[in-house]
Amino acid sequence: MATSGFSYRESLLRGSSERSSHPVLNVFELEQLLYTGKAGWRHVDEVWPGLYLGDQEIAANKGELLTMGITHVLNASHSRWRGGEEYYKGMEISYMGIEAQDSPVFDMSVHFYPAAEFIHKALRQKRGKILVHCAVGVSRSATLVLAYLMIHHNMTLVDAITTVKDRRGIIPNRGFLRQLVYLDNTLMRTH
């Protein structure tokens with residue numbers, strides 16, 4: 001799907017640095033972009049300075065969290081039956097839990113701004129480091145990280161995806177991608 005001699009990725013990225021000139025994307029185009037970049041899988045990756053995207057296994061590894069210097073945990077797969085704030089008691093870790101389902105019909109958008117504020121507050125602290133995670137670290141938590149980059153760093157959705165996916169393979173579900181497109185369009189109109 002190249003246009004005028006540009007690769008597909010280049011055609012998506014052209015004009016994405018300025019919100020006013022960036023094209024309206026559909027979910028299929030975003031999925032194509034997501035399938036490029038880093039494909040390897042690890043328990044955790046630093047996707048922005050001080051911002052780590054990971055899975056449930058790293059979130060449960062208290063020793064590794066201490067070694068990494070994590071000061072905040074945002075759990076996008078919070079469950080009242082497992083873990084939670086009490087799991088990190090005595091570790092000086094601030095916790096936020098969101099009971100999100102990795103389902104295209106789940107409304108993740110209601111959590112975009114509260115999660116973005118929690119991440120932003122963590123990163124503004126001296127030596128603040130935050131782990132944002134869900135079960136696998138590729139859909140729910142990735143969606144919240146993308147929203148944070150869009151809200152607090154004025155990135156377009158394409159810029160945010162490119163920033164994260166070059167450091168960690170992510171695949172937000174189609175419903176989450178639609179919600180991120182709506183956020184992108186809303187931010188484009190207000191900036």
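Helices (H or I, at least four residues) and strands (E, at least two) are DSSP runs, numbered from the N terminus. The model is predicted, so local features are given only at pLDDT of at least 70 and side-chain atom pairs only at pLDDT 80 or more, while totals for chains, interfaces and linings use all residues. Residues are numbered from 1 along each chain as its sequence is written, and side-chain values use heavy atoms, with hydrogens and water left out.

**Figure 1. Overview of the protein chain, with 8 helices and 5 strands.** From start to end of the sequence, the elements follow the pattern α-α-β-β-α-α-β-β-α-β-α-α-α. Of the 191 residues, 53% count as buried (under 20% relative accessible area; exposed is over 50% and partly exposed in between, with a 1.4 Å probe and protein chains only). The accessible surface of the chain (Shrake-Rupley method, 1.4 Å probe; for residues, only the protein chains shown count as cover) comes to about 9400 Å², and carbon and sulfur atoms account for 52% of this area. Contact means heavy atoms within 4.5 Å. Among contacts between residues at least 6 apart in sequence, 71% join residues at least 24 apart.

**Figure 2. The open sheet of 5 strands.** The strand order is 1-2-5-3-4, and the pairing is mixed (two strands pair if DSSP finds at least two bridges between them). Strand 1 (44-48) and strand 4 (94-97) are the edge strands; each has a single partner strand, so one side of each lacks a neighbour in the sheet. From one strand to the next, the twist averages 20° (axes are lines fitted to C-alpha atoms, for helices over the stretch in contact, and angles run from 0 to 180 degrees between N-to-C directions). Strand 3 (residues 72-75) pairs with strand 4 in the parallel sense over 4 bridges. Within strand 3 and strand 4, Asn75 stands opposite Gly97.

**Figure 3. Helix 5 and helix 6 against the strands.** Helix 5 (residues 112-124) lies across strand 1, strand 2 (51-54), strand 3, strand 4 and strand 5 (130-133). The angle between helix 5 and strand 3 is about 165°. Helix 6 (residues 140-153) lies across strand 1, strand 2, strand 3 and strand 5. The angle between helix 6 and strand 2 is about 155°.

**Figure 4. Surroundings of Cys134, in the loop between strand 5 and helix 6.** Cys134 has 2% relative accessibility and counts as buried. Leaving aside neighbours within four places in sequence, Cys134 is in contact with Gly54, Asp55, Gln56, Ala76, Ser77, Ser139, Arg140 and Ser141. The C-alpha atoms of Cys134 and Asn75 are separated by 5.8 Å, although the two residues are 59 residues apart along the chain.

**Figure 5. Helix 7 and the residues that follow.** Helix 7 (residues 157-165) is mostly covered, with 8 of its 9 residues buried. The buried residues are Leu157, Val158, Ala160, Ile161, Thr162, Thr163, Val164 and Lys165. Lys165, at 0% relative accessibility, forms a salt bridge with Asp166, with the closest N and O atoms 3.2 Å apart (a salt bridge is a side-chain nitrogen of Lys or Arg within 4 Å of a carboxyl oxygen of Asp or Glu). Asp166 is partly exposed, at 40% relative accessible area.

**Figure 6. Salt bridges of Arg168 and Arg174.** The structure holds 4 salt bridges. In one of them, the side chains of Arg174 and Glu31 meet at 2.7 Å, N to O. Arg174 belongs to helix 8 (residues 174-190) and Glu31 to helix 2 (residues 27-34), 143 residues apart. Arg174 is partly exposed at 45% relative accessibility, whereas Glu31 is buried at 11%. Another joins Arg168 to Asp45, with the closest N and O atoms 2.7 Å apart. Arg168 lies in the loop between helix 7 and helix 8 and Asp45 in strand 1, so this pair ties together parts that are 123 residues apart in sequence. Both Arg168 and Asp45 are buried. Through shared partners, salt bridges join Arg42, Asp45 and Arg168 into one network.

**Figure 7. The cluster of Tyr87, Tyr88 and Tyr95.** Rings of Phe, Tyr and Trp (its six-membered ring) pair if their centres lie within 6.5 Å; planes under 30 degrees apart count as stacked, over 60 as edge-to-face and the rest as tilted. By this rule there are 2 aromatic pairs. Tyr87 and Tyr88 form an edge-to-face pair, 5.1 Å centre to centre with 90° between the planes. Tyr87 is partly exposed at 30% relative accessibility, and Tyr88 is buried, with a relative accessible area of 5%. Ring pairs link Tyr87, Tyr88 and Tyr95.
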